[in-house]
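Please open the model in your viewer and keep the selection panel at hand. The tour goes from a single residue outwards, to its sheet, to other elements of the chain and then across to the second chain.

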Amino acid sequence: MAAQDAPDLVDELLAGKHRALARTITRIENRSPGYRDLVAALYPHTGNADVVGITGSPGSGKSTLVDKMAKAYRDRGLTVGVIAVDPSSPFTGGAVLGDRIRMASTATDMDVFFRSMSARGSLGGLSTATTDAVKALDAFGKDKIIIETVGAGQNEVDVVKTADTVAVLVPPSSGDDVQMLKAGILEIGDVFVVNKADLAGSDKTVTELKNMLEMREGEAGDWDPEVVETIANTGEGVTEFLDVLDAHADWLDESGRREAKRHQRHAEELRNLLREDASELVEDELDARGGIDELVERIDAGETTPYDIADDVIEPLADCLDQQRD
Amino acid sequence: MSHESQRNIRCLVAKVGLDGHDRGAHVITRAFRDAGFEVIYSGLHKAPEEIVQAAVQEDVDVLGISILSGAHNTLVPKVVEGLQEYDAFEDTLIIVGGIVPDEDREGLKEAGVDAIFGPGTPMEETIEFIRANVKRRD
């Protein structure tokens, strides 16, 4: 089938065609030519979904919990979109995307749209791609959108930060709680989920978490992060968890933080796009100067430094902008 | 400005029906990954509708169905029908792996299967076939 025009695809997506939604996300992921026009056309149709980010170490039960969440939302008559991000090999770009396998409770229910994404193009592009994919799901009309990612690095943290509400999964007595908190995860969580709460050490983990959260410095009127216990396998505690998510969503509305978050997110989106565009301008300029290798060889030979070359490349660009700025 | 597009081949490796042997599917999954593909593995005992749902939502370029139970003549056409229902049949490369008797091959191809790879097919052959035949969409 020939490539579809962006307007057709947008119309079909808005009309509720699953394949159009799937294809839109593919274009976003691939950064196919014209994908920006596509997202721009979807933009006015977004802003209606609740976006929840789920993160936690590998094996903490994220996918199983997401499955149970999707089921509970469906029982309430809500439609669900899920973006599950998995790592990809830095060498081959290949990936095994395995989160889908846990989505047993809602199998064959097309009102749960589950999409696996690999962390390819991870130069800051991952959070752009996931935010845009969330927009596609939002414009499609999903009530609840879940972003699931391994909380392993800055990239993933950036991804969940784009959600309205962030839940962090902590396995009981993993012994590396402190390690996890070092990575800055404590700051991003609105809800902490001690999953596998039937395992030994769960109570201790809950207490530790609560202690650490109390020490976290916040301002008056801030959301107080909650700690909940779940056994995602059996679904125990999932209702309570969803209640906390709802409470946080209400708080966002009442405190005016949803607007503030939205503003922040838009600023971040704009920055990311500009950064991407600017770096492409520079790449083009490097090509025009014979490619980066040629310049680097002069550094290798000790003739110059990266600082001098960077100044050299940027100067005309900066001059150009100066002149254009009235 | 030329935005660099980053296209990866996406595959769904699917186990349909009742057979519980997925060693082959695992080996294929890893080989595809190492070939630079993004692979989604369905898990065991999936109904044709689940495979269709996954293939549509994940927008895969390739659907690889592994069947060892001998039920390919009923299961594969159901998957194809489902893909057609969502307009996802035309641009999905469908390959079948597993034990398919010679006399069934023609029928499966008529039903919409692009290639059948029996036991002992070198992994490179399957991967090369995919690279050469994947239906480019944009």
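Begin by selecting Phe192(A), which is buried, with 25 other C-beta atoms within 10 Å; a residue counts as buried if 20 or more other C-beta atoms lie within 10 Å of its own, as exposed if 12 or fewer do, and as partly exposed in between, with C-beta atoms placed from the backbone. Before going further, note that this is a predicted model, in which local features need pLDDT of at least 70 and side-chain atom pairs count only at pLDDT 80 or more, whereas totals for chains, interfaces and linings use all residues. Residues are numbered from 1 along each chain as its sequence is written, while chains are lettered from A and ligands numbered from 1 in the order in which they are written.

**Around Phe192(A)**

Phe192(A) belongs to strand E7 of chain A, residues 191-194; helices (H or I, at least four residues) and strands (E, at least two) are DSSP runs, numbered from the N terminus. Leaving aside residues up to four places away in sequence, Phe192(A) touches Val168(A), Val170(A), Leu209(A), Pro225(A) and Val227(A), where contact requires C-beta atoms, placed from the backbone, within 7 Å. Add Lys210(A) to the selection: Lys210(A) and Phe192(A) are 18 residues apart in sequence, and their C-alpha atoms are 9.3 Å apart in space. Next select E8(A), which runs parallel to E7(A) and is joined to E7(A) by four bridges; two strands pair if DSSP finds at least two bridges between them. Within E8(A), Val227(A) stands opposite Phe192(A).

**The seven-stranded sheet of chain A**

Widen the selection to the open sheet of seven strands, which are ordered E4-E2-E5-E1-E6-E7-E8 in chain A and pair in the parallel sense. At its edges stand E4 (112-118) and E8 (226-229), each with a single partner strand, so one side of each is left without a neighbour in the sheet. From one strand to the next, the twist averages 20°, with axes taken as lines fitted to C-alpha atoms (for helices over the stretch in contact) and angles running from 0 to 180 degrees between N-to-C directions.

Now select E2(A), residues 80-86, where seven of the seven residues are buried, so the strand is largely enclosed by the rest of the structure. Val80(A), Val82(A), Ala84(A) and Asp86(A) point one way from E2(A), while Gly81(A), Ile83(A) and Val85(A) point the other way. E2(A) pairs in the parallel sense with E4(A) over seven bridges, and with E5(A), residues 144-150, over six. Val80(A) has a bridge partner in each of these neighbours, namely Val112(A) in E4(A) and Lys144(A) in E5(A).

**Two helices of chain A**

Which residues of H2(A) are buried? Select residues 18-30, the 13 residues of H2(A), and you will find that His18(A), Ala20(A) to Ala22(A), Arg23(A) to Ile25(A) and Thr26(A) to Glu29(A) are buried. With 11 of its 13 residues buried, H2(A) is largely enclosed by the rest of the structure. After H2(A) comes Arg31(A), whose phi is positive, near 50°.

For a contrast, select H12(A), residues 292-300, which is hardly covered, the count of buried residues among its nine being zero. H12(A) is followed by Gly302(A), whose phi is also positive, near 80°.

**Across to chain B**

Finally, show both chains: 34 residues of chain B are in contact with 34 residues of chain A. On the chain B side, H1 (23-34), E2 (38-41) and H2 (48-58) each supply at least two of the residues that touch chain A, and H2(B) gives the largest share, seven residues.

Select E3(A), residues 95-97, together with E2(B): the two strands run parallel and are joined by three bridges, and Leu97(A) stands opposite Ile40(B). These strands are part of an open, parallel sheet of six strands in the order E3(A)-E2(B)-E1(B)-E3(B)-E4(B)-E5(B). E3(A) and E5(B), residues 115-117, stand at the edges, each with a single partner strand, so one side of each is left without a neighbour in the sheet. As a last stop, select H2(B), which lies across E1 (10-15), E2 and E3 (62-67) of chain B and runs at about 170° to E1(B).

Definitions and conventions: Two residues are in contact if their C-beta atoms, placed from the backbone, lie within 7 Å. The expected span of a helix is 1.5 Å times one less than its number of residues.
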